[in-house]
Amino acid sequence: MKLGVVLLLLTIMSSCGGFPIGINYGQLGSNLSSPLQSINLIQTLIKVSRIKIYDTNPQILHALTNTKIQVSVMLPNQAIQNISATQEASDSWVKTNILPFYPLTRIRTILVGNEVLSDSSIEPTWTMLVPAMQNIKRSLRALGIHNIKVGTPLAMDVLKASFPPSSGAFRDDIAETVMRPLLQFLKKTKSFFFLDAYPYLTWADNLGSIDLNYTLFMNQTFTYKDPNSGLVYRNLLDQMVDAIVSAMAKLGYPRIRITIAETGWPNAGDVDQIGANIYNAAHYNRNLIRKLTSREGTPMRPNQTMFTYIFSLYNEDQKPGRGTERHWGLLYPNGSRVFEIDLNGRKLDSEYEPLPEPVNNEEFKGKIWCVVVHGANVSAVGPALDHACAQGNGTCDAIKSGRECYEPNTIVGHASYAFNAYWQRFRKSGGTCYFDGLAEQTAVDPSHGSCNYPAA
């Protein structure tokens with residue numbers, strides 16, 4: 001390689017912050033380490049120089065003061081309408097949320113909203129997204145701030161087609177009204193397309209169609225050849241990224257850089273959530289890091305650095321939804337590792353301690369119930385029990401006085417039956433076995449005596 005090319009690459013790497021790996025620092029946990037402790041863990045244990053947070057938490061931004069960590073902050077979805085409406089609102093937001101910390105805290109990106117185009121409940125906000133981003137950029141320039149980029153993280157569901165990768169295309173309802181002006185803004189400001197890409201979700205939704213090892217970067221033999229482009233793929237993440245590349249190219253923007261704003265693998269989940277385990281999570285993240293640090297790029301963009309934020313720093317027990325939602329972390333809330341990982345990508349698999357063998361890489365075929373989690377706060381269980389019973393449809397008939405499940409006559413006993421009855425009735429329409437962290441799935445039948453718990 002010629003000296004001039006080497007110097008150019010070094011200049012690009014320096015200007016972009018060099019090392020491509022970052023971490024998402026979410027805060028939806030009841031017992032997480034403090035911001036100061038967390039930043040210390042990021043510096044000493046995780047050892048990355050870039051993080052992404054989901055707000056402008058002043059405690060975190062203060063803890064980052066005079067560190068070398070670059071941070072991406074986020075403007076919430078609910079603020080987009082106001083910010084897009086007037087320049088004054090945007091100026092005020094920047095002065096309140098950015099100026100008190102910048103430049104001693106190395107804020108490098110403001111992300112406007114989070115997966116806005118995935119939420120149909122805020123559809124009127126979609127066309128306000130780019131105007132809000134434009135106003136934020138103008139606010140920064142007016143203050144003489146030129147080294148903070150503005151972007152917005154989007155999920156894979158912005159595509160109407162993603163397979164094969166060359167067929168990638170944006171949804172018809174957003175392609176012209178939102179995506180074209182967004183791409184124009186990103187090109188003009190030299191910003192990134194921030195993509196949330198989860199091969200786990202694609203694999204789990206297509207069981208039997210996608211090889212697990214192909215998804216975990218552990219594939220040694222299988223390849224996929226795109227019939228249109230002729231490009232050969234060796235892992236699922238590259239397919240997903242290149243589908244976005246194709247979609248952008250179809251709108252006339254083939255060269256906008258992509259940053260993976262979120263990716264990872266759950267280390268646990270509900271009983272029936274296939275593949276969510278420590279073994280797979282460790283291999284996905286370790287192999288991802290090796291891929292990224294090799295700077296191999298994707299088949300459509302070979303030899304390119306792709307900055308990536310792993311999701312996430314902690315397991316967060318207050319995230320609603322299915323069990324996997326609370327198990328994406330590299331660390332437990334107390335700061336201990338879920339599994340060993342070297343974010344520099346130098347450590348070989350043979351140098352790690354053995355991992356627990358996976359027991360749920362095949363579809364669960366047994367019965368499942370929903371019960372009160374061991375150690376639940378009894379004072380919180382009562383209102384949750386009332387909520388479950390208030391849904392009607394005979395949900396709690398069996399725990400009425402004199403009925404077959406009245407005994408044991410305790411709040412926890414009644415709640416376990418009610419939670420299960422509620423979940424079995426409403427799970428197909430979106431009901432979850434969560435109840436603000438008070439419930440969990442079990443494969444052990446809680447039925448007793450003449451009290452029969454219905455099972456999924």
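A salt bridge is a side-chain nitrogen of Lys or Arg within 4 Å of a carboxyl oxygen of Asp or Glu. The model is predicted: local features need pLDDT of at least 70, side-chain atom pairs count only at pLDDT 80 or more, and totals for chains, interfaces and linings use all residues. Residues are numbered from 1 along each chain as its sequence is written, and side-chain values use heavy atoms, without hydrogens and water.

**Exercise 1.** Find how far apart the closest N and O atoms of Arg322 and Asp272 are, and place both residues.

*Solution.* Start with the atoms. The closest N and O atoms are 2.4 Å apart, and Arg322 and Asp272 form a salt bridge. Now place them. Arg322 sits in the loop between E13 and E14, Asp272 in the loop between E12 and H12, 50 residues apart. (E marks strands of at least two residues, H or I helices of at least four; these are DSSP runs, numbered from the N terminus.)

**Exercise 2.** Decide whether Arg322 and its partner Asp270 are buried or partly exposed.

*Solution.* Take the cut-offs: buried is under 20% relative accessible area, exposed over 50%, partly exposed in between (1.4 Å probe, protein chains only). Arg322 has 32%, so Arg322 is partly exposed. Asp270 has 11%, so Asp270 is buried. Their salt bridge has its closest N and O atoms 3.1 Å apart.

**Exercise 3.** Locate the partners in the salt bridge of Asp349 with Arg290.

*Solution.* The closest N and O atoms are 3.0 Å apart. Asp349 lies in the loop between E13 and E14, Arg290 in helix H12, 59 residues apart. Elsewhere, shared partners join Asp270, Asp272, Arg322 and Arg427 into one network of salt bridges.
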